[in-house]
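Me: I have a chain open and some labels I'd like to see justified. Can you take me through them?

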Amino acid sequence: MQGQLRKEPLSVVVTTECAHCAQPLHIEIDCEMKYRVVEEGADPLVFMPFVNFSKLTDPSIIDAF
């Protein structure tokens, strides 16, 4: 969203690990919310939660679900 507002291409790399086997995962996300998993053969579940952050009163996004 920030990239669209500024009319600049922005991206982010999320560095994490598999909760099942602890293998490292790198997920590249661009400003159009398209993503690519760097590790060959990895197929993680990637989703975007539908939470209205401006109205969130819970102490954590987890509590909103």
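Reply: Sure, here is how each label follows from its value. This is a predicted model, where local features need pLDDT of at least 70 and side-chain atom pairs count only at pLDDT 80 or more, while totals for chains, interfaces and linings use all residues. Residues are numbered from 1 along each chain as its sequence is written, and side-chain values use heavy atoms, with hydrogens and water left out.

Me: What makes up the secondary structure of the protein chain?

Reply: Two helices and three strands, in the order α-β-β-β-α from the N terminus. Helices here are DSSP runs of H or I with at least four residues, and strands are runs of E with at least two.

Me: Why is the protein chain called more spread out than a compact globule?

Reply: Its radius of gyration, taken over C-alpha atoms, is 15 Å, and the globule rule gives 11 Å for 65 residues. That rule is 2.2 Å times the number of residues to the power 0.38. The value is well over the rule, so the label holds. The C-alpha atoms fill a box of roughly 40 × 35 × 15 Å along the principal axes.

Me: Why is E40 called exposed?

Reply: Exposed means over 50% relative accessible area, buried under 20%, and partly exposed in between (1.4 Å probe, protein chains only). E40 has 81%, so it counts as exposed. E40 lies in the loop between β3 (35-37) and α2 (61-64).

Me: And how much of the protein chain counts as buried?

Reply: By that cut-off, 9% of the 65 residues.
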